[in-house]
Amino acid sequence: MKEDSCLHAALICLGMLCYSHATSTEKLNHSRPSLHGHHEKGKEGQVLHRSKRGWVWNQFFVIEEYTGPDPVLVGRLHSDIDSGDGNIKYILSGEGAGIIFVIDDKSGNIHATKTLDREERAQYTLTAQAVDRNTNRPLEPPSEFIVKVQDINDNPPEFLHENYHANVPERSNVGTSVIQVTASDADDPTYGNSAKLVYSILEGQPYFSVEAQTGIIRTALPNMDREAKEEYHVVIQAKDMGGHMGGLSGTTKVTITLTDVNDNPPKFPQSVYQMSVSEAAVPGEEVGRVKAKDPDIGENGLVSYSIIDGDGMDMFEITTDYETQEGVVKLKKVLDFETQKFYSLKVEAANVHIDPKFISNGPFKDTVTVKITVEDADEPPIFLAPSYILEVQENSNLGTVVGRVHAKDPDVANSAIRYSIDRHTDLERYFSINPEDGYIKTIKPLDREEIAWHNISVFATEAHNRHQEAKVPVAIKVLDVNDNAPKFAAVYEAFICENSQSNQPFITITADDKDDAANGPRFIFSLPPEIIHNPNFTLRDNRDNTADVLVRRGGFSRQKQDLYLLPIVISDGGIPPMSSTNTLTIKVCGCDSQGSMLSCNAEAYILNAGLSTGALIAILACIVILLVIVVLFVTLKRQKKEPLIVFEEEDVRENIITYDDEGGGEEDTEAFDIATLQNPDGINGFIPRKDIKPEYQYMPRPGLRPAPNSVDVDDFINTRIQEADNDPTAPPYDSIQIYGYEGRGSVAGSLSSLESATTDSDLDYDYLQNWGPRFKKLADLYGSKDTFDDDS
């Protein structure tokens, strides 16, 4: 603090000296009287003209961070026309005028009222003017000047980052550049040494050093080993004032990590590895692992393994597991305990990447001996072949031998083998196998055209250990026998014109044979011997498995015959050959003069009397429309048809009254009258019809007479049934008679009120006479009890 106070005092004194010098100069410059239009006489009486002098000030200085009790005097303004009588007024304007800088309008002294910071603002531009105090008339032109803030060392150096991280390879040479750190100072670099920085190292010796002027950190020790120490913490200081006493300083931390280089070879921790493997192991199975240690990391620590010698080089292999950096010994071929029980391998571990700078530290590899013991195991049977392909002819007799499979037990015990077919591969059970010797036979007929190949699997199992089992695929090819005759390749239908020319082909045919190509390499087409001299058609074999059918004569007529059936014989080239007769349908068609077909039926030929196809279609459409109209007319007429039977009076059976009630027994006043079932017009004979005229008059049969109203209901119903059954003029629907009578003998009794007239009811039905004409019939039936008694 004392040093800073002394420094501030010295700077203030320096500023005052400058100000005094400037003031003296100003006074000196302004002590000469201004002419302002006045004339002065020289010694010799000569009139001298003095030119007007403007403001001369260039700049003032003020020290930053001044904390004295009084405002700082920056400087003084004075005009050469100021006689000191107080008539001149000084005015200050510009940046900070009136706030930071104030002026005494009489004396022209300028003071700074606030503490200034150069790092915030280095200079201020102000304008001074002298005016008449009374009239404010400018006496001098405005003059601009600058107030500069003089710097003091009040800002310490600051680094760009608080912490730095850097890497440098291990084993680097002394002086290898690691990183450059940079600090900055906010003080004025052009004034003194306030911003002159010097770098130094506070922590990190003797491993690293720093350049004082540039801040570059370099290695200071040779052969630094990452495996011994990987990370270093270095503290760098930056000090201003050129590093001299009294300067301010700042520090930063630098974390330096040594990166790895391949300077260490791999090394096995032991000289011999012991391993064992069962002879039942399959190729590719892991036997064991070896590992060479390498303290390097990353790609510098990658190790690859290889077998360089030993009697097991053909039986084993080694691969590298790069995640664990281990060598994995695997079985390469099937082992046999009975053949060899021990193997020895020489395994080498070597670095994948080698740095030429450290090749002298090598060799970067190591070797180890691996001894492998083969363990005995009960092995499954082994087939003599990995797969079998057998052949058998189709249509062979049952029990035909297809072939044989053979397996053996590789163990010393040499157990007996039993054979079986995997029925999942022979679901239809075409084959069987002898469990003792492995011979395969057929047990069902084989057809190559259905299945050409049978792929089955055969198991071989040790007789004394069913768990030891082997499986082999067996492919059985069914050989072709010429047992299928060739046939038409498609359903052919040929057409010829009536005006066809003779010897003109009209269709080409080909054939298809289900047999193999060996039993039919070429098809032979011919006509049967009985029609070889067919007068209408002939056949030409093209000898390329096709044949053309030709017209032998011209001039066909559809009226005489419009369809011909031509038999064609097709033979194959098999041994023995097979043949079949196929029928070709040939239609005779009408054609125009260009040979284009018009019609292929005889009816169309007859109707084609000057009518075109469009006219025929129009006629057919009209016929269809007429038929639809007739059908609609008949349907509407039936819906409006009158009743079939004519009655002179209203038939009481047409008065159908529906009662949604089961009746009230003897108390039912709405009961159905039996008289409504009687047709007065039908009692005396024939019922006239509207729709038909009877061929003969119906006469009542003897013994059938109309029943009176008081007759028993059972007799009444039987009489009506007989009349209906013997009436030949009545259609079936007229024979439907419905009676609401349940018959005699019912335990529950009748639910109808038909017999209510014969019961001893005390009900009085005289009130029905008052209900009007619609209830007249009921009133007659039930209105008087005496009437019923008389009738009975």
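This passage looks at the cysteines, a nonpolar surface patch and the aromatic rings of a predicted model.

A good place to start is with the cysteines. In general, a disulfide is a covalent bond between the sulfur atoms of two cysteines. The structure holds one such bond, and its partners are Cys 497 and Cys 591, with a sulfur-to-sulfur distance of 2.0 Å. The pair links distant parts of the chain, its two members being 94 residues apart. Cys 497 belongs to strand β36, which covers residues 493-497, while Cys 591 belongs to strand β42, which covers residues 579-591. The disulfide is left-handed because the torsion about the S-S bond is about -85 degrees.

How the cysteines sit relative to the surface can be read from their relative accessibility. Buried means under 20%, so Cys 497, at 10%, counts as buried. Cys 591 counts as buried too, because its relative accessibility is 17%. Cys 622 has a value of 46% and therefore counts as partly exposed.

Attention now turns to the surface. Here Ile 619, Leu 620, Ile 623 and Leu 627 form a nonpolar patch. Together, these four residues have about 380 Å² of accessible area. One of them, Leu 620, is found in helix α3, which covers residues 613-639. With a relative accessibility of 55%, Leu 620 counts as exposed; the cut-off for that label is over 50%.

The aromatic side chains offer another set of contacts to explore. In total, the structure holds 14 aromatic pairs. One of these is made by Phe 488 and Tyr 492, whose ring centres are 5.1 Å apart. The angle between the two planes is 90 degrees, and the pair is edge-to-face. Both Phe 488 and Tyr 492 are buried.

Aromatic residues also come together in a group: Phe 506, Phe 537, Phe 556 and Tyr 564 form one aromatic cluster. Phe 556, a member of that cluster, has a charged neighbour as well, since Arg 553 lies over the face of its ring at 4.2 Å from the ring centre. An arrangement of this kind is found at Tyr 430, where Lys 444 lies over the face of the ring. For Lys 444, the distance to the ring centre of Tyr 430 is 5.0 Å.

Conventions:
Residues are numbered from 1 along each chain as its sequence is written. This is a predicted model: local features need pLDDT of at least 70, side-chain atom pairs count only at pLDDT 80 or more; totals for chains, interfaces and linings use all residues. Side-chain values use heavy atoms; hydrogens and water are left out. A disulfide is a pair of cysteine sulfur atoms within 2.5 Å. Helices (H or I, at least four residues) and strands (E, at least two) are DSSP runs, numbered from the N terminus. Buried means under 20% relative accessible area, exposed over 50%, partly exposed in between (1.4 Å probe, protein chains only). Patches are made of residues with over 30% relative accessible area and no salt bridge: like charges are joined within 9 Å, nonpolar side chains (Val, Leu, Ile, Met, Phe, Trp, Tyr) within 5 Å. Accessible areas come from the Shrake-Rupley method with a 1.4 Å probe; for residues, only the protein chains shown count as cover. A salt bridge is a side-chain nitrogen of Lys or Arg within 4 Å of a carboxyl oxygen of Asp or Glu. Rings of Phe, Tyr and Trp (its six-membered ring) pair if their centres lie within 6.5 Å; planes under 30 degrees apart count as stacked, over 60 as edge-to-face and the rest as tilted. A charge sits over a ring if NZ of Lys or CZ of Arg is within 6 Å of the ring centre and within 35 degrees of the ring normal.
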